[in-house]
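Visitor: I'd like a close look at just one part of this model, the pairs of oppositely charged side chains. Take me through them one at a time, please.

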Amino acid sequence: MPMNGVLSVLPSPADFRTMTRAPRRDLLCGLTVAVVALPLALGFGVTSGLGAASGLITAIVAGSLAALFGGSARQVSGPTGAMTVVLVPIVHEYGANGVLTVGLISGFMLLVLAFARAGTAMAYVPAPVIAGFTIGIACVIGLQQVPSALGVPTPAGDQVAVVAARAAEEFDATPHWAALLLALGSAALMLAGARWKPTVPFSLAAVGVATVVAEALHLHVTRLGSLPSSLPAPSLAFLDVSRVPTLLLPAAAVAALAALESLLSASVADAMRPGERHDPGKELFGQGIANLAAPLFGGVPATGAIARTAVNVRTGAASRLAALAHAVILAGIVAVAAPLVGRIPLAALAGVLLATAVRMVETDAVRAMARSTRGDALVLVLTAAGTLALDLVRAVLIGLAVSILLALRAAMRGTRLTPAQLPGAAGTVTYHFDGPLLFAAAHRFRRSLADVRDVTAVDLRLSGLTAVDATGALALKEAVGELRDRGIEVQITGVEGGHRRVLESLGVLPVNPTSNRGAIPSAAGATAP
């Protein structure tokens, strides 16, 4: 790869100079984000299956490196609900060491995507796919919290709906009302507080109140347990090279999700601060570095976190110093208050994540999108259902595939072949073609043109042609050939330069080296001005 390509994804001195703009404000923003991130990191670590400590390590290590090397000045990275959805089945099949190996491999894959400048593809993901993806993630996160909220051990199984149903059955047999009340109380406090004061981090308040209540009343509920007071030493002891080939596919799913969610989160940050744009290549590079390092310390794969990024932007972060400060402050909290954090009831974290899942869905935007067209509603529902029933990557692929089919259908319907009799030219009919002549519309176009009757000549005007592919060009060639076999003279006029080259290359028009400077040749050898 050329050196310029490598340098384009590395942070520049200008990226770091911005950290001196408003350091006091950035440090205060970092403190606010850290308060929000602490219960989420703990909860997502538990939900992933690797434990609360793993979630905190991810927020600290990945959060700091992504802040330094990423392409968004306000992006906050760490463990997310979307990633836990992918990690749970990997933990069940390959164990904790398998997840760490997957994270390491996905980091390399993200670096490859960064150097390939693949981040620009994010602009082509349709809005209904993103909305369905978000709804599906919210549903999965909510279902994942059911066992902890009910105070029962998590039943075996890969399908979250089945696991939640089994947990409900176990609760029905032996109810744990204390855990359920703590979970519902935490969720209610967080949701009510968010409506009252959106900028205040009520998630930590909810966890704190639940912990105090559980301690004061000596409630028998499951707690987080002991947490390390410092980061462990980096190690590759988890890596089993012989298992790498079997983990490539899960790693590809993790890398795809990390890229998708991180770029989506960075786009959200851009929208909240008009006039500023992230660099997709640098963002993927930063996420790659973060995911290479996090497993070495026992952390799970990370992505850009939409909720924490939104808090960072709303509180006025001026540079990447705020996201870096959030990671450093989390490390300080763990060092100082690890025993206290270990007393947090799992049910309280489940309540916070339930509220987080509810707040992820922007109901007004989803409702408007679902009402816009039947196609958009279909894509949204299929993506959400695929996320819930399959996995996130396959759900997005399904949504993209259906979106492409609907777009082709719309393009096909947008093609028009309109007859208009030329005055003073007996037996000659003019057809105006408007729209794209692509494979989706090729058969219908050929059939319409071949059905011409009772004329001696056809003037086919293609000035309204917007796009043409090989299938469409060949359909035109066959239709013209059929007309000429019936003795009907055909003249093609109005072809623009780019489309003319396609038609010439496939023999629809005779090759004319001077056509770029002069007349436009027709299929019958005639020319048009």
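**Charged pairs up close**

Guide: Let's start with Glu215, which is partly exposed at a relative accessible area of 31% (buried is under 20%, exposed over 50%, partly exposed in between, with a 1.4 Å probe and protein chains only). Bear in mind that this is a predicted model, where local features need pLDDT of at least 70, side-chain atom pairs need 80 or more, and totals for chains, interfaces and linings use all residues. Residues are numbered from 1 along each chain as written, and side-chain values use heavy atoms, without hydrogens or water.

So who does Glu215 pair up with? Its side chain meets that of Arg343 in a salt bridge, with N and O 2.8 Å apart (a side-chain nitrogen of Lys or Arg within 4 Å of a carboxyl oxygen of Asp or Glu). The two come from distant parts of the chain, 128 residues apart: Glu215 sits in helix α10, residues 202–216, while Arg343 sits in the loop that runs between α14 (321–341) and α15. (Helices here are DSSP runs of H or I, at least four residues, and strands runs of E, at least two, numbered from the N terminus.) Have a look at the surface there, too: Arg343 is partly exposed, with a relative accessible area of 37%, and Glu215 is partly exposed as well, at 31%.

While we're in α10, glance at Ser203, which belongs to that helix. Ser203 is buried, its relative accessible area being 4%. Set aside the neighbours within four places in sequence, and Ser203 is in contact with Val35, Val36, Pro39, Met190 and Val352 (heavy atoms within 4.5 Å).

Back to the charged pairs. The structure holds five salt bridges, so let me show you another of them, between Arg117 and Asp279, whose closest N and O atoms are 3.5 Å apart. Turn the model until you find the loop between α5 and α6, where Arg117 lies, then find the loop between α11 (244–272) and α12 (280–293), where Asp279 lies; the pair therefore ties together parts 162 residues apart in sequence. How accessible are these two? Arg117 has a relative accessible area of 35%, which makes it partly exposed, and Asp279, at 22%, is partly exposed too.

Next, move along to Asp459 and Arg461, which form a salt bridge with their closest N and O atoms at 3.1 Å. Here the partners fall into separate accessibility classes: Asp459 counts as buried, with 7% relative accessibility, but Arg461, at 31%, is partly exposed.

To finish, come back to where we began and bring in one more residue, Arg223. Glu215, Arg223 and Arg343 are joined into one network by salt bridges that share partners. Put that beside what you saw earlier: Glu215 brings in helix α10, and Arg343 brings in the loop between α14 and α15. If you want one distance to keep in your head for this network, take the 2.8 Å from N to O between Glu215 and Arg343.
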